[in-house]
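Biologist: Could you walk me through some of the labels used for this protein? I would like to see the reasoning behind each one.

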Amino acid sequence: MRLPFTLLIDPVPADSLQHDFADTFHEMDSSAPALRVGELSTQRGDGIFETLAVVNGHPQEVEPHISRLRNSARICELPVPNPEQWRAAITYAVSRIPQRGEIALKFVLSRGVEHGPAPTAWLHAAAAADFSVVRANGVRVITLDRGYPRGVAERAPWLLMGAKTLSYAVNMAAIREAHRRGADDTIFLTTDGYVMEGPTSSVVLRIAGEYVTPAPSGAILHGTTQQSMFDYLRAQGASVTYRDVALDELRQADAAWLVSSVRLAVSVVALDGEAFAADQALTDALNAYLLARTA
Ligand code: PLP
């Protein structure tokens with residue numbers, strides 16, 4: 001029961017008939033060298049990943065994360081992960097880490113070593129940062145142009161929009177830009193002014209009492225936390241919908257949230273320097289619900 005925890009995985013094909021995967025992954029010392037210099041994930045960011053939360057020993061939304069990893073693999077033309085193997089690796093990792101507290105479990109599939117025979121894969125678990133302050137106080141957000149018009153994913157699939165690739169340098173630069181402007185986080189817009197997502201989160205708005213998120217059209221990720229949030233809201237009798245959201249609608253929304261697997265739901269309390277109405281009671285209830293999930 002220790003952190004950080006690392007498992008190297010030898011990926012098996014998606015159609016493998018194997019049912020016992022114990023000999024396809026092995027634990028290693030998290031501080032020991034593990035990747036080769038020719039590794040394309042580090043040289044080119046050429047790989048995909050997922051991060052899920054483990055709360056008090058319960059890994060959250062394993063199936064949606066595995067399914068999104070498989071979708072990212074298809075978009076990136078990587079060998080599609082074997083869901084049973086990844087499920088087994090996650091189960092094993094969860095059995096080896098502390099059963100209390102919040103842990104971020106990241107799993108990666110890389111194209112592998114240049115000219116090498118196979119993809120490389122690993123899983124890494126570390127204590128989650130303490131997000132209690134932002135969950136309680138919310139985040140100040142700026143909008144930033146993502147540089148692409150609406151519909152780009154369909155016209156230019158080689159941009160790999162909609163895949164959760166390791167190439168997060170742009171996403172991290174957008175967060176630094178937010179900090180430079182005295183804010184905490186960013187909402188990306190298309191060049192024609194439609195809401196996309198945050199650099200590490202989905203955007204959910206309440207507009208005239210209805211909860212709205214941009215449709216995961218291929219240009220943005222389909223957030224697992226946003227889907228849980230919609231389940232919660234539906235169970236409360238609220239109306240939820242996927243549709244395009246223009247910047248003006250965002251500005252006039254009753255409330256807005258950034259939601260993601262480890263930070264969970266945070267209220268937007270300022271937008272482009274202007275105070276923004278927040279529904280902290282709902283944020284608190286939602287986070288209590290998200291933290292209580294056992295699967
Ligand atoms: N969009 C982007 C670009 C992300 O990086 C993330 C999470 O890291 C999300 C959305 C939210 O996804 P999830 O709720 O599955 O964590």
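**Reasoning behind the labels**

Modeller: Happy to! Arg 68 is a good place to begin: it is found in helix α2 (residues 62-76). Keep in mind that this is a predicted model.

Biologist: Why is Arg 68 called buried?

Modeller: Buried means under 20% relative accessible area. Arg 68 has 11% relative accessibility, so it counts as buried.

Biologist: And what makes the approach of Arg 68 to His 222 a polar contact?

Modeller: The cut-off for a pair of N or O atoms is within 3.5 Å. A polar atom of the Arg 68 side chain lies 3.0 Å from the backbone oxygen of His 222, so the distance fits that limit.

Biologist: Let's turn to aromatics. Why is the pair of Phe 49 and Tyr 168 called edge-to-face?

Modeller: The count comes to seven aromatic pairs, and this is one of them. Ring centres must lie within 6.5 Å, and planes over 60 degrees apart count as edge-to-face. Here the centres are 5.2 Å apart and the planes are at 75°, so the label follows. The pair links distant parts of the chain, with Phe 49 in strand β3 and Tyr 168 in the loop between α5 and α6.

Biologist: Why is the pair of Tyr 232 and Tyr 289 called tilted?

Modeller: Under 30 degrees is stacked, over 60 is edge-to-face, and the rest are tilted. The planes of Tyr 232 and Tyr 289 are at 45°, so this pair is tilted.

Biologist: How do you know that a charge sits over the ring of Tyr 194?

Modeller: The charged end of Arg 150 is 3.8 Å from the centre of that ring, and the distance cut-off is within 6 Å.

Key:
Residues numbered from 1 in each chain as written. Predicted model: local features only at pLDDT ≥ 70, side-chain atom pairs only at ≥ 80, totals over all residues. Heavy atoms only, no water. Helix = DSSP H or I, 4+ residues; strand = E, 2+ residues; numbered from the N terminus. Buried < 20%, exposed > 50% of the residue type's maximum accessible area, 1.4 Å probe, protein only. Polar contact = N/O pair within 3.5 Å; in protein donor to acceptor, adjacent residues only side chain to side chain. Phe/Tyr/Trp six-rings, centres within 6.5 Å; stacked < 30°, edge-to-face > 60°. Lys NZ or Arg CZ within 6 Å of the ring centre and 35° of its normal.
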